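Please open the structure in your viewer and keep the selection tool at hand. The tour goes from stop to stop, saying what to select and what is there.

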Amino acid sequence: MLAAVAAGALAVPGQAAAAGEAPQVVARWKLATATGTPQVSPGEGPGGVGLRLGGGASIDGTEHLLPTPGVMRLDGVDGYAEATGLSLHTDQSFTLAGWANPVGDPTREMTVFSFAGADDSAVTVRWHYLWTDPVAGPIGEWQAELRDADGTGSVTTRVDHSDWRSVMERWTHLAVTYDAAESRFTLYVDGNLERQVCADDATDCRDYVSTSAAAPAYDATGGLQIGRARSDGAWTEYFEGELDDIWVLQGALSEAKIGQLADYNVELDTSTVH
C-alpha cells in the first residue's frame, strides 16, 4: 500500500500574479502546418515567431489530439524544433506548456522543452528514466529543472512528478512555471500539481512534490528548444514521439488556467489565455 502524507505549508503558484500584471502570451504553436526550407511551423502571438524544424522532425497535418489537426513528430535521434528571437526573459516569471506523447516506454532521458544557453539549458522539462521493473517494465517520472547560471558552478533546482497516465492513450500535458514574486518553480502534469510526502516509516513510497522555492533561472539566449536539451556545450536527450499545442508566456499562469490548457476537449483561443 502507498504510504504518504500531504505536504503542508506549500505556496500556491500563480497567487502573486493576480496582484500584478497578468501573464502575456509570447508565442503559441498549434503545429498544424510547416512550409519552406528549412520547414517552419507558424506561430501565434506578438511577432508571429515560427518554430523551425531540424533533423528528424516533421509535421503530420492529419493526426490530432485537439480539435485542430496537426502534431509534430520527432525521431529521437536528431529531430528538434527551435524558436529564436522570442521576447521572453527566463530570469523573470514565465510559463511553458504543451502536450507530449512519447513512443513506447522510454529507458533514457528525453527532453520535451528547454530554454538553451551556450553550455547548459536554463530550464528543462524531461522524461526521467528511473529503472526497469521485471514485471511492469520501464519506470520513470516527469522532471523539470532550473539553473541559475550557465556552465560550471550553477545551482540547479529540480522538481519531479509521478508518471501520470492520461486517459488519452499516452498523451500527457506538461506545464512548468516560475513565479518570481514567490520565488517558486512548479511542474504540472495533466493540470495537476503533486504534493505527496512519504511517512517516515514508509518503505514502498516515493516523495513527489512538484513545486519548490528557487532562485530565478539565468536569462537564456539560445531560444526555445523542442525535443532536446543543452548540456556541457552539446545537444542531448533527443525526444522520440509526438508533440502538440505549445505555449510560451511571460508570467506565471495560475493553477486554474493550467488546468484549462490541459483539457483536450476544449481548444482555447490564444487571446483568452493570460
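The stops below cover aromatic rings, a loop residue, charges over a ring and a pocket.

Keep in mind that this is a predicted model.

**Stop 1: the aromatic pairs**

The structure holds 4 aromatic pairs. Select phenylalanine 94 and phenylalanine 115 and show their rings: the centres are 6.0 Å apart and the planes stand at 75°, which is over the 60 degrees required, so this pair is edge-to-face. Now colour the strands. Phenylalanine 94 belongs to strand S8 (residues 94-102) and phenylalanine 115 to strand S9 (residues 110-115), so the pair ties together parts that are 21 residues apart in sequence.

Are these two rings buried or exposed? Phenylalanine 94 is buried, at a relative accessible area of 0%. Phenylalanine 115 is buried as well, with a value of 4%.

**Stop 2: a ring from another strand**

Keep phenylalanine 94 selected and add tyrosine 178. These rings form a stacked aromatic pair, with 6.4 Å from centre to centre and 25° between the planes. The pair links distant parts of the chain, 84 residues apart: phenylalanine 94 is in strand S8, while tyrosine 178 is in strand S13 (residues 172-179). Tyrosine 178 has a relative accessible area of 1% and is therefore buried, the limit being under 20%. Show the three residues together: Phe94, Phe115 and Tyr178 make up one aromatic cluster.

**Stop 3: serine 93**

Step back along the chain to serine 93, which is in the loop between strand S7 (80-83) and S8. Its relative accessibility is 18%, and serine 93 counts as buried because the cut-off is under 20%. Which residues does serine 93 touch, not counting residues up to four places away in sequence? They are Tyr178, Asp179, Ala180, Ala181, Gln250, Gly251 and Ala252. Tyr178, from the aromatic cluster, is thus also one of the contacts of serine 93.

**Stop 4: arginines at a tryptophan**

Select tryptophan 235 with arginine 228 and arginine 230. The charged end of arginine 228 sits over the ring of tryptophan 235, at 3.6 Å from the ring centre. Arginine 230 also lies over the face of tryptophan 235, 4.6 Å from the centre of the ring.

**Stop 5: the second largest pocket**

End at the second largest pocket, which has about 160 Å³ of space. To find it, select Leu86, Leu88, Ala220, Thr221 and Gly223, the closest to the pocket centre of the 14 residues that line it. What classes of residue make up the lining of this pocket? There are 6 nonpolar, 7 polar and 1 charged residues.

Conventions:
Residues are numbered from 1 along each chain as its sequence is written. This is a predicted model: local features need pLDDT of at least 70, side-chain atom pairs count only at pLDDT 80 or more; totals for chains, interfaces and linings use all residues. Side-chain values use heavy atoms; hydrogens and water are left out. Rings of Phe, Tyr and Trp (its six-membered ring) pair if their centres lie within 6.5 Å; planes under 30 degrees apart count as stacked, over 60 as edge-to-face and the rest as tilted. Helices (H or I, at least four residues) and strands (E, at least two) are DSSP runs, numbered from the N terminus. Buried means under 20% relative accessible area, exposed over 50%, partly exposed in between (1.4 Å probe, protein chains only). A charge sits over a ring if NZ of Lys or CZ of Arg is within 6 Å of the ring centre and within 35 degrees of the ring normal. Contact means heavy atoms within 4.5 Å. On a 1 Å grid over the protein atoms alone, a cavity is a set of points where a 1.4 Å probe fits but cannot get out, and a pocket is an open set with protein on both sides within 12 Å along at least five of seven lines; lining residues have an atom within 4 Å of a point. Grid points are joined across faces, edges and corners, and a volume is the space filled by probe spheres set on the points. Ala, Val, Leu, Ile, Met, Phe, Trp, Tyr, Cys and Pro count as nonpolar, Asp, Glu, Lys and Arg as charged, and the others, Gly among them, as polar.
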